[in-house]
Amino acid sequence: MEIAPFKIKKLRLDSARLRVKARTILGQQNSTDATVDDAFPGYFVVSTAPPNIEDAEPTTAKSLAQARGGLEAIARDLHRIQSDPTILEPAELVIAVHGYNTREKNVQAWYSDIYRHIAQNDPHIRQRRNLVFVGYRWSSERLSARPRNLWKNLRALPNVPQWILFCSSLFVSIYWLSTLLLGPVANLGWLANLFLQGCFSVAIASTMVILTLLILRVTVYFRDVYRAINFGVPDLTELIRQIDRAVVNERVKDLYEDYKSPEEVIDQAKNAHQKPPQKIQLSFLGHSMGGLVITNVVRILSDVFDTRSIDLKPSPEIGYTLSLGRLILASPDIPVLSIISSRANGLASSLRRFNEAYLFSNEGDLALRLASTAANYISFPSGRQQHGHRLGSIALVNSLYNHSGFFQLDVLQKGIVNLPALQQHYSLSRTLGESITADPNDILKCLFITHSSGKDEGYLSLDELFKMEHKGHAPATLADLFTFFDCTDYKDFKVDVLRNGHRELSKDPVGLLTRAKEKKHLALWDYIELVIDSCLGRRDVHGGYFQGKYAREMIYRLAFLGFEGALKAGNSEQTTTLTAVADDIVDNVDMTAALHTFNQHCSETGIQVYLSPLRYRVDVQGENIATAKASLIKVMRTQQLVQPAEDVIPDVQSTPLAS
């Protein structure tokens, strides 16, 4: 590693276990220096990529030593967990990635809040001993309308646009002042006046075009997209690669006692000796543009020459020691196409490698619904405006499943909207693929974006949007891997974390992301109200998930415990107090009862959930994840391989298909 692409700090709770401190790791440390707190390890990783390329700092020996020391500290914690015979669960590395327009101070505050919650406030996560948390900061830039920042961006304009803006503004000012003070110059003749008016119109147009470019730069959206793709993604990829390598090196240190040849030691460390250790589960929690960073990182890390990928059996394994686990996306700034099984979806091969996938969205997300969609109009290759919508602003139809196999749109239902269908059609006597085939539900018909035209019901389903109306049964798609949380009407106690680490709850439940009117869909006036609320700071339409008592708890439990663990934790809280949670109560849980408890909590807080058939089959019905996922992907593969002219499926082994 010739450069130090990141700085790594250790997260620790203070003596009062309320405030989180970030301590710089100085150089290489011995394994004996790695103290084991009663809280599990946490790290804050900052990419050294600068906001502007001319601000790049030279690499020094000290920065290299700090980067190596931080990597070794993370690897030691993971290796210690793998080597501890008293820890039965596989080691888990959870990486959180922030979104666009975020300062380092705000990012560190969010990661500190996550660490405080999971290390101190949540007893179910706190008792886990197999977890390592990493909060990753990429070089996002904070939007600023200060005169100094505006002048700085104006000076960054290329010379020609600068001169055009200067000359056009000067001509417009002189023409306007002369007309205002002297009136129309009639003695110049109509031809001269026409020429001057034409020049005035061209100057106005030129000024507006360049000012538009300046405004787009000041909003920092496109600059952040560039940083996310070209700095954030490569640096996070390198971080994961170096952690994988450092874990292998930790195994090498242990193996030198048993093997004399260095080549033999390295080979044994990579491929495991005697009893192979369990893979380290790699999970991601991404907010907003962090979802873009995560999905592109996974695309890079995936081995395209893996025969399992060529055979459309993508493996979650990454490198020598890692395996993809859970993906949690909150208001992801990625296209709605990302969950469609389509040739145009460049993220399909990476998203289906995860064993668990969750999406938190809300229809009133103005940052994605208006700002991001309008900005991506310039770059997203689509011929229709609806296709440019972002995944974080989709919503579930307010509906109720009936026994005839249709949805009633006149009934508003919260909780798990497809629970009756899961109970009726997903019997263990059928494979998961057969159950999906028998299920009259179609997730793409339940997800919608709001119509701009206001025709029909006022919304457009993703099935209609991508013209995927199916004759006969609805096939499985990439969306069936996801569990969807529609938080449009989410109403809960608001959590405020004070500077001293204490938490305060609002007196009454409030709408965290919208005004929670429980309408079929939001209209124009609703969006106007949300704009006013956002400007006044009354609610956070883009990140309110992390301010609600139940939603933030659910997101963190999904990231660190998984769906099964989250169900068990929620069910145990129904039967005992938080201060007396016994292990046997958490472990010995009726998963059907736990699912109904989860359904009840979501209903009470106004959250709609479309539960993934994969999660129901694995976490509730107890089927092996590999078997269930293989059955689901087989149905997806069958639909992709059916020939339009003939109802035949070609030989997978002889068909040159990419992952």
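Let me start with aspartate 77 and arginine 80, which lie three residues apart in helix H1, residues 61–83, and are therefore separated by about one helical turn. In this predicted model, the two side chains form a salt bridge, with the closest N and O atoms 3.5 Å apart. The partners differ in their surroundings, because aspartate 77 counts as buried at 3% relative accessibility, whereas arginine 80, at 27%, counts as partly exposed.

A pair with the same spacing sits in helix H7, residues 221–255, where arginine 227 and aspartate 224 are again three residues apart, about one helical turn. Their salt bridge is 2.7 Å from N to O, and here both residues are buried.

Now to a pair outside the helices: arginine 390 and aspartate 333 meet in a salt bridge at 2.9 Å, N to O. This one links distant parts of the chain, 57 residues apart, with arginine 390 in the loop between H12 and strand E10 and aspartate 333 in the loop between strand E8 and helix H11. Arginine 390 is buried at 5% relative accessible area, and aspartate 333 is buried too, at 3%. Elsewhere, salt bridges with shared partners join eight residues into one network, among them Arg515, Asp526 and Arg539; in total the structure holds 26 salt bridges.

Finally, the nonpolar side. The largest nonpolar core has 142 residues, of which Phe284, Phe360, Phe484 and Phe598 touch the most other members, and helix H18, residues 549–575, gives the most to this core, with 13 residues. Leaving aside residues up to four places away in sequence, phenylalanine 598 touches Ile416, Phe485, Tyr550, Met554, Phe563, Leu567 and Val609.

Definitions and conventions:
Residues are numbered from 1 along each chain as its sequence is written. This is a predicted model: local features need pLDDT of at least 70, side-chain atom pairs count only at pLDDT 80 or more; totals for chains, interfaces and linings use all residues. Side-chain values use heavy atoms; hydrogens and water are left out. A nonpolar core is a set of buried Ala, Val, Leu, Ile, Met, Phe, Trp, Tyr and Cys residues joined through side-chain atoms within 4.5 Å. Buried means under 20% relative accessible area, exposed over 50%, partly exposed in between (1.4 Å probe, protein chains only). Helices (H or I, at least four residues) and strands (E, at least two) are DSSP runs, numbered from the N terminus. Contact means heavy atoms within 4.5 Å. A salt bridge is a side-chain nitrogen of Lys or Arg within 4 Å of a carboxyl oxygen of Asp or Glu.
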